[in-house]
Amino acid sequence: MAAEAKDKKPKDAKAGGGKEAKGVSAGKWSAYDATGSGLVRKRKSCPKCGEGVFMARHKDRESCGKCGYTEFQKKQ
Ligand SMILES: [Zn+2]
């Protein structure tokens, strides 16, 4: 893996123009949920497919669109 962290382009990062376009474009597949207390990671990876394959959130459960694995959630 080539590390390019040292040479980040400020062009996209903080160019004047659109603001926070990154978060908006994520749409329904945003891996983060912005709450009043901050960013909370909610997406869960599928235990069968491995990391990188996220579970789709439903009302009371999460399911993998790839293999169909479903995990129910407890009420809080
Ligand atoms: Zn899966």
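Arg61 pairs up with Phe72, its bridge partner in E6. That contact belongs to the link between strand E5 (residues 61–64) and E6, where three bridges join the two in an antiparallel run. Bear in mind that this is a predicted model. Zoom out and you get an open sheet of four strands, ordered E3-E4-E5-E6, with antiparallel pairing.

**Edges of the sheet**

- Strand E3 covers 45–46 and strand E6 covers 70–72, and both stand at the edges of the sheet.
- Why is one side of E3 and of E6 left without a neighbour in the sheet? Each of these strands has a single partner strand, so there is nothing in the sheet to flank its other side.

**E3 and E4**

- Strand E4 takes in residues 50–57, and two bridges tie it to E3.
- The E3 and E4 strands run antiparallel, and Cys46 sits opposite Gly50 in E4.
- Three residues lie between E3 and E4, and the two strands make a hairpin.

**E4 and E5**

- How many bridges join E4 to E5? There are three, and these strands run antiparallel.
- Arg57 faces Glu62 across this pairing, with Glu62 being in E5.
- The connection from E4 to E5 is a hairpin that passes through three residues.

**Side chains, in general**

- As a rule of thumb, side chains along a regular strand alternate between the two faces of the sheet.

Technical notes: Residues numbered from 1 in each chain as written. Predicted model: local features only at pLDDT ≥ 70, side-chain atom pairs only at ≥ 80, totals over all residues. Pairing = 2+ DSSP bridges.
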